[in-house]
Amino acid sequence: NPELQTFKQTLKMRRNYVGKSCKLHYEVSPLKIVRASRQYMYDDSGNEYLDCINNVSHVGHCHPHVVTAGQEQMTKLNTCYGFLSDCQVAYAKRIVELLPEQLCVCYFLNSGSEANDLAIRLARAYTKQNDVIVIDNAYHGNTENLISISPKKLKEHNLPIENWVHVVPTPDVYRGKYREDNINPGQLYANEVKLAIAKAMANGRKIAAFISEPNQTQAGMIFPPKNFLPLVYRYVREAGGLCIADEIQTGLGRCGEHYWAFQSHDVVPDIVTLGKSLGNGHPISILVTTKEISDSLNEFSSSYGGNPVACAMGMAVLDVIQNEHMLSSAKSVGKCLMDELRRILPNHRLMGDVRGMGMMVGVEIVQDKESRKPNKDAAEALVYKMKERKFMMANEGPDKNVIIFQPPMCFTCENALTVAKALDQALAEVEEDDLRVNSGSNLNIQVPLSVLTNAKHKLDSDDDEDDFESPGKRQKISYEEVD
Ligand code: PMP
């Protein structure tokens, strides 16, 4: 049983056998999670964490209805593509019934990246044009093509923007180019897209597609003004391009109100890509498009895409969403969480903004409310302080200063109140540390000392003689430091 290994052995094996570029969630003091149920995760010491970020485990970790569906189908048949399957067509029908009428053809794949890659391919095949417009700080996947249309990754890896990619500003009314005090920020941001199209065309280039998350999770939980997407979709279509909605994070009811985030923006995309939540952890992704666009590709295959086990699990996820009324729950619990976060906002000088929709909520951690400058160090310290309190959280966005909430959809109002209370206390501590740092003391705000001490203790408790340097000297546990 691999779980009989000590924490340290697992960490060492990870260093030896897994790519160094694959990052762990808590780099300073990683967690070894051994089991999970509903909105809770358990580590190798039996600690229970309230999971505030796992949007893949959409209907709750290891939901019995989904697990049973997978197990039962696995005993009957799990084969590769190319055969007629009741399960697959029934699942395709159910997905299509949740979408606007014209989005009626499915492609089954295994990851969000595969779905977005195919989306670009289809857009090029249909339009016979090549270029892609993307929103700044977006992430759309890990293939070569998708890295090129993921400004977040281009920046991280210091890569140039290719000539077929056109990056437009993030429609962020809090810290972006046009803010909430503008009369019509949606129009101003949409004008930037119009301008990008005009510039591209003046250079003889042609737009195949505009791709965006309807609400930008990756760019820091951004909720564009309501008129932004309708205007952008109009400009892109006038230029002969297609509009792709990446619903990999935002879809399947996460934003409350509707199944799909684009519905609250009053647009209908030409292509929609779905992933993450579809299989509740089992790898499934789907691209849905119109018949005409689909027909522009005369052959496509995926060995595992739409296999019977994936489809059985996908259908079980849809059952749970319906049976457990998860859309209305996301709406009311999300409101509960935001109300509570907004209630504590005036108490905290480092808490700049609270925004969200359903179970997709972001909290801006800033240097001060006036400048709105991002405060990555405080956000990171907060995430570690919350970990000590047994809340699983993350800081995201281009400046890593947005605390995100994207919990499993079974998250309750009680959970929301508990996490907001803990955040209130942890943030007060971070603010105190921050004051001391700014008043010239040597105390380092970046990662709480107790986190380093605990991490060291955990590793020391094994037989090996290996050790860390004293806490405070080092900020990150790099793989080399483990042995
Ligand atoms: N698009 C978005 C918005 C995502 O968040 C992700 C994954 N983080 C992807 C695409 C890629 O999905 P996957 O990791 O399943 O390939």
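**Close-up views of the predicted model**

**Figure 1. In strand 6, valine 167 serves as the bridge partner of valine 134.** The model shown here and in the views below is predicted. Strand 6 covers residues 165-168 and runs parallel to strand 5, to which it is joined by four bridges. Strand 5 also pairs with strand 7, residues 207-212, in the parallel sense and again over four bridges, and within that pairing valine 132 stands opposite alanine 209 of strand 7.

**Figure 2. Strand 5, made up of residues 131-135, is mostly covered, five of its five residues being buried.** In a regular strand, side chains alternate between the two faces of the sheet. On one side of strand 5 lie Asp131, Ile133 and Ile135, and on the other Val132 and Val134, with every one of these residues buried, so that both faces of the strand are covered.

**Figure 3. The shell around the ligand consists of 15 residues, among which Ser111, Gly112, Ser113, Gly141 and Ile248 come nearest.** Which element gives the largest share of this shell? That share, three residues, comes from helix 4, which spans residues 112-127. Sorted by class, the shell around the ligand holds 11 polar residues, together with two nonpolar and two charged ones.

**Figure 4. Domain 1, assigned to residues 2-59 and 325-438, and domain 2, assigned to residues 64-323, are shown where they touch.** The C-alpha centres of the two domains lie 26 Å apart, and 26 residues of domain 1 are in contact with 26 residues of domain 2. On the domain 1 side, the elements that contribute two or more residues are helix 11 (326-344), strand 11 (351-357), strand 12 (360-365) and strand 15 (402-405). Helix 11 gives the most to this side, with five residues, and by class the side of domain 1 that touches domain 2 comprises 12 nonpolar, eight polar and six charged residues.

**Figure 5. An open sheet is formed by four strands in the order 1-2-3-13, with mixed pairing.** Its edge strands, each of which pairs on one side only, are strand 1 (33-37) and strand 13. Strand 1 and strand 2, the latter consisting of residues 40-43, pair in the antiparallel sense over four bridges, and among the residues of this pairing arginine 35 has tyrosine 42 of strand 2 as its bridge partner.

**Figure 6. Cysteine 62 and lysine 390 are two loop residues with a positive phi.** Most residues other than glycine have a negative phi. The phi of cysteine 62 is near 50°, and this cysteine is found in the loop between strand 3 (48-51) and helix 2 (64-76). Cysteine 62 is classed as partly exposed because 13 other C-beta atoms lie within 10 Å, a count that falls between the limits of 12 or fewer for an exposed residue and 20 or more for a buried one. For lysine 390 phi is near 75°, and the residue lies in the loop between helix 12 (376-388) and strand 13 (391-392). With 14 other C-beta atoms within 10 Å, lysine 390 is therefore also partly exposed.

**Figure 7. Glutamate 299 lies in the loop between helix 9 (291-294) and helix 10 (308-323).** Is this glutamate buried or exposed? Glutamate 299 has 4 other C-beta atoms within 10 Å and is therefore exposed, since a residue with 12 or fewer such atoms is placed in that class. The C-alpha atom of glutamate 299 is separated by 17 Å from that of threonine 127, and the two residues are 172 residues apart along the chain.

**Figure 8. The whole protein, with its 14 helices and 15 strands, is given as context for the close-up views.** The radius of gyration is 23 Å, close to the 23 Å that the globule rule gives for 483 residues, so the protein is as compact as a globular protein of that length. Taken along the principal axes, the C-alpha atoms fill a box of roughly 60 × 60 × 40 Å. Of the 483 residues, 48% count as buried, and among contacts with a separation of 6 or more, 73% are accounted for by residues 24 or more positions apart.

Notes:
Residues are numbered from 1 along each chain as its sequence is written. This is a predicted model: local features need pLDDT of at least 70, side-chain atom pairs count only at pLDDT 80 or more; totals for chains, interfaces and linings use all residues. Domain bounds come from an automatic or database domain assignment. Two residues are in contact if their C-beta atoms, placed from the backbone, lie within 7 Å. Ala, Val, Leu, Ile, Met, Phe, Trp, Tyr, Cys and Pro count as nonpolar, Asp, Glu, Lys and Arg as charged, and the others, Gly among them, as polar. Two strands pair if DSSP finds at least two bridges between them. A residue is near a molecule or strand if its C-beta atom, placed from the backbone, lies within 6 Å of it. The radius of gyration is taken over C-alpha atoms; the globule rule is 2.2 Å times the number of residues to the power 0.38.
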